[in-house]
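The following exercises are to be worked with the sequence and the three-dimensional structure at hand. Each task is followed by a solution in steps.

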Amino acid sequence: MKMALIEKWFPVREISRDAAIEMAYKAIPAYIKHCRELKISEKRIKEIGREFYDPKIRSLHPWFARRPCSVSRALTLSAVLPSEVDKNTFMKAVGWDSKSKACIMGGYPPILFYVDPDRNLIHQILIKYLGKKPKEIIVCDPMAGGGSIPLESLRLGFKSIAIDYNPVAYLILKGTIEYPSLFGDKLAKLANEEFKRLISYSKDVLGKFYPDDSEGYIIARGIKCQKCGGKIPLLRTTQINSNTYISLHFNSEKEFEVNLTRYPTKLPYESEKRGEIICPYCNIPISKKEAYKIWTKTHVEILNELKRGVINEEKILSTYVLLVRQTKEKEKYIICNENDNYLFLEACKTLMESFKELEKYLPLDKIPDNNEVFSNVKEYGIKYWYELFNPRQLLVIGTLIKYARERCEELLSQGKLGAAISLYLAFGISKVADYNSILTSWKQGTIRDSMGSYAQSRKITYSEWFCEAIVPYRNLNWIFEPDASSKRKTEGGIYPVVDELCKRIGGLGKNAVIINGDSRSLSSLLGNTKVDVINVDPPYFDTHIYSDISEYFWQIFRIILEPYIGKEFVSTINGWNIRSAQVPREGEIIVRKNRKNSKNIFDKEWYTEQMSIFLKECYKTLKDEGVLLVWFTHKSLDAWETVISALCNAEFYVTRIWPVTSELLTRLVTKGGNGDSTLNRTLIIVARKRKIVKDVKENELKDHVIKMMKEMYDALSELDVTEVEINTFLQAVAMCAVTRVEMEGKNIQELISQAKGIAREYIPKLLKERYIKKKNTNLRDFLVFDI
Ligand SMILES: C[S@@+](CC[C@H](N)C(=O)[O-])C[C@H]1O[C@@H](n2cnc3c(N)ncnc32)[C@H](O)[C@@H]1O
Ligand SMILES: [Zn+2]
């Protein structure tokens, strides 16, 4: 069997550097720095300024745990190419040498994603060493999520199969890979026309409910004190941005007045106790949780009253306290006035009058009991999805869904092309729901989306205030960005991403397959097809609950895309109906910390079992000489043990492990640390169908463990890693070493614990022998703090 390049060598440093830049959240300083490293002239850097043309696939629709395209591409390529290929040839094939050109000529950020791999060169190498054409190589990602791995595999020229269990991920995969590759430029053009049409419709129909010169509103949850009846607007802080503050004055009429000032102010009702406020009128303490419950009750009452045709203006304005309006002028805020309240009430009236007509298009289903990510808001009193919107937001969402659904029916006659266009409309409306719900928050100058609280705490929750974007005039333009041009900076809109994808992969459609399925049945999903490489980034133990969080978006997709469901959008998941309001959960391979509602599933043992079943399916699907790549990272050694046992159970052994950068490095900022306690790298486990060495002696095991630890140590020294990373990864690699051996009378668990012992003993020696920089000094370059 030929050794794959990845079993010998991998450009850890270069690819990690590229990935860190690709994943940086506010990336411009990182781009500029990398331009200098690539020796792009100062003149050109100055010309580009901050105006990089940067349409990343993550702007298409949120997905959780998206991975860098650079790493995805380099891994697949180095798993396919044989070890004879030298470093220069590999770097050229992967596209590295064209980075500067793409930046200089196209104004793109200098990262791999914006250059195509050298497909001719790859073709030549494959013919020379393997006697195969690229399209004869089959790469499968059975847990493909947002699609970085299959997208890049397609760009390399390989046949690419992407599977995901989650229906939202499945739709994202279709929109990212299948449609652009099938239709190319024609699709981007038609989608653009459609986006413009939607925006113009929304101006006509929804424009009258918003001021046309603004960016957004900050809305306080208003409650009435249960003891004295005084009106209290809940504020998270008084600070709006770096030099704008709110001052609140409460009067003896139990009313309040809001003003803006340039000087810091104090929250007048703050308690010494965390999670508590003091009524500014009668001084009784009120717990914040209690306050949210009181607010939610009135909020739900208002929606139900509107549904019944009843409108109580005073109740509405004291529940949704329109505080501050952000104007178009930069950094300018004004206190909301009569007109703002008038427009809001007009929207409430229209919702009331059109409730019957819109009902069919609203997400009326119950948030399932077993959705634990939304458990906090359920505790506050939210029962149904539509209750996550204030009346104006609900009117807007309902109107847009209705429009898109009707458009979808009209487009049905165009088959797949119509489905593609409808899907991008649905992505946009789903993003409207992300930026316009009572789950949003305000963070010094910008609206933080509904998913923001999930990103921080893995729970959806809400606090004192939320935001509303100016949907018809501002928000939709930003979401779709139909006027984007490669001469200008992109703002994160959908159109430039679709356009970019259509350009990059248009014409490669024959090589892409997207499936909504459970990869624990991988071999039956693929039938007789055997694959050369499985490149998979499975859920990392308990890191995300994909089903629960994605269920929010599913409510919107399922209503808009209904005409295509069962036709273009199909599922192979047993026991789940794609028309269901709930996303499938039972087969999602994750660990749930809170398992109250599930019977003996989702614990550590279950996860190990399911990973074993999944990896056994990989074994069946992989050609005998095929390569399995598994991405994994976790601080807990338990999690590592789980994955390694699963690999062994499935008869795989580990040939190499590489550390790469794969996470958003800005995480460090939110965690407030200097990076020492965070894992920013993922380990890529390279495995083959098992050829074990039998009857290994103690000292042979030790030698083998140490050899693999040394290799890892060398790879780590290419990167600036944290102390926690060094320790975790060296122990993980020691455990991986045992996948290759069998020892008389010892089972895998015993071998793993023996390996851990060797690691504990050897790591201090290794650290002494050679010094790895322990601080993330370079990481700082990519961090951009919010002002
Ligand atoms: C870490 S994410 C993949 C992220 C992806 N690499 C990206 O760049 O966006 C893991 C994925 O596994 C999927 N998954 C979980 N259980 C699965 C199963 N039984 N079959 C297929 N996919 C599954 C989840 O829905 C999730 O999208
Ligand atoms: Zn009171």
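**Exercise 1. A backbone angle in two loops**

Task: Classify Ala 65 as buried, partly exposed or exposed, and state what is notable about its phi. Then treat Phe 541 in the same manner.

Solution. The relative accessibility of Ala 65 is 23%, so this residue counts as partly exposed. The model is a predicted one, and local features are reported at a pLDDT of at least 70.

Step two places Ala 65 in the chain: it belongs to the loop between α3 (42-48) and α4 (69-80).

Step three concerns the backbone. Most residues other than glycine have a negative phi. Ala 65, however, has a positive phi near 70°.

Step four turns to Phe 541, which is not a glycine and has a positive phi of about 65°. Phe 541 is located in the loop between β16 (531-536) and α21 (546-560). With a relative accessibility of 7%, Phe 541 is buried, because the limit for that class is under 20%.

**Exercise 2. The zinc site**

Task: Which protein atoms are the donors of the zinc ion (ligand 2), and what is the geometry of the site?

Solution. First, list the donors: the SG atoms of Cys 225, Cys 228, Cys 279 and Cys 282 lie 2.2 to 2.3 Å from the zinc ion (ligand 2).

Second, examine the angles. For four tetrahedral donors the ideal angle at a metal is 109.5 degrees. Among the four donor atoms of the zinc ion (ligand 2) the angles are 107 to 111°, and the site is tetrahedral.

Third, read the spacing in sequence, which is C-x2-C-x50-C-x2-C for the donor residues of this ion. Cys 228 is in the loop between β3 (214-224) and β4 (231-234), while Cys 279 is in the loop between β8 (276-278) and β9 (285-287); the pair therefore ties together parts that are 51 residues apart in sequence.

Fourth, compare the surroundings of these two cysteines. Cys 228 has a relative accessible area of 22% and is partly exposed, whereas Cys 279, at 0%, is buried.

**Exercise 3. Aromatic pairs**

Task: How are the rings of Phe 250 and Tyr 281 arranged, and where in the chain do the two residues lie?

Solution. Begin with the whole structure, in which a search finds 39 aromatic pairs. A pair of aromatic rings is described by the distance of the centres and the angle of the planes. For Phe 250 and Tyr 281 the values are 5.4 Å centre to centre and 90° between the planes, an edge-to-face arrangement.

Next, locate the partners. Phe 250 is in strand β6 (residues 244-250) and Tyr 281 in the loop between β8 and β9; they are 31 residues apart, and the pair links distant parts of the chain.

Then consider accessibility. Phe 250 is partly exposed at 21%, and Tyr 281 is buried at 18%.

Finally, note a cluster joined by ring pairs: its members are Tyr 292, Trp 295, Tyr 320, Phe 344, Tyr 380, Tyr 462 and Phe 466.

**Exercise 4. A pocket and a cavity**

Task: What are the volume and the lining of the second largest pocket, and what are the volume and the lining of the largest cavity?

Solution. Rolling a probe the size of a water molecule over the atoms shows where empty space is left. The second largest pocket holds about 630 Å³. It is lined by 25 residues, and those closest to its centre are Arg 236, Thr 461, Tyr 462, Ser 463 and Glu 464. Two or more lining residues come from each of α11 (288-308), α14 (375-380), β12 (441-443) and α17 (452-457). Sorted by class, the lining has six nonpolar, ten polar and nine charged residues.

For the cavity, first count: the structure holds one cavity of 30 Å³ or more. The volume of the largest cavity is about 350 Å³. Of its 27 lining residues, Met 143, Ala 144, Gly 145, Asp 164 and Asp 537 are closest to the centre. The classes are twelve nonpolar, eight polar and seven charged residues.

Technical notes
Residues are numbered from 1 along each chain as its sequence is written. Chains are lettered from A and ligands numbered from 1 in the order in which they are written. This is a predicted model: local features need pLDDT of at least 70, side-chain atom pairs count only at pLDDT 80 or more; totals for chains, interfaces and linings use all residues. Side-chain values use heavy atoms; hydrogens and water are left out. Donors are N, O and S atoms within 2.8 Å of the metal (3.2 Å for Na, K and Ca); water is not among the atoms, so sites may look incomplete. Four donors count as tetrahedral if all angles lie between 85 and 135 degrees; four count as square planar and six as octahedral if opposite donors are over 155 degrees apart and all others between 65 and 115; anything else is irregular. Helices (H or I, at least four residues) and strands (E, at least two) are DSSP runs, numbered from the N terminus. Buried means under 20% relative accessible area, exposed over 50%, partly exposed in between (1.4 Å probe, protein chains only). On a 1 Å grid over the protein atoms alone, a cavity is a set of points where a 1.4 Å probe fits but cannot get out, and a pocket is an open set with protein on both sides within 12 Å along at least five of seven lines; lining residues have an atom within 4 Å of a point. Grid points are joined across faces, edges and corners, and a volume is the space filled by probe spheres set on the points. Ala, Val, Leu, Ile, Met, Phe, Trp, Tyr, Cys and Pro count as nonpolar, Asp, Glu, Lys and Arg as charged, and the others, Gly among them, as polar. Rings of Phe, Tyr and Trp (its six-membered ring) pair if their centres lie within 6.5 Å; planes under 30 degrees apart count as stacked, over 60 as edge-to-face and the rest as tilted.
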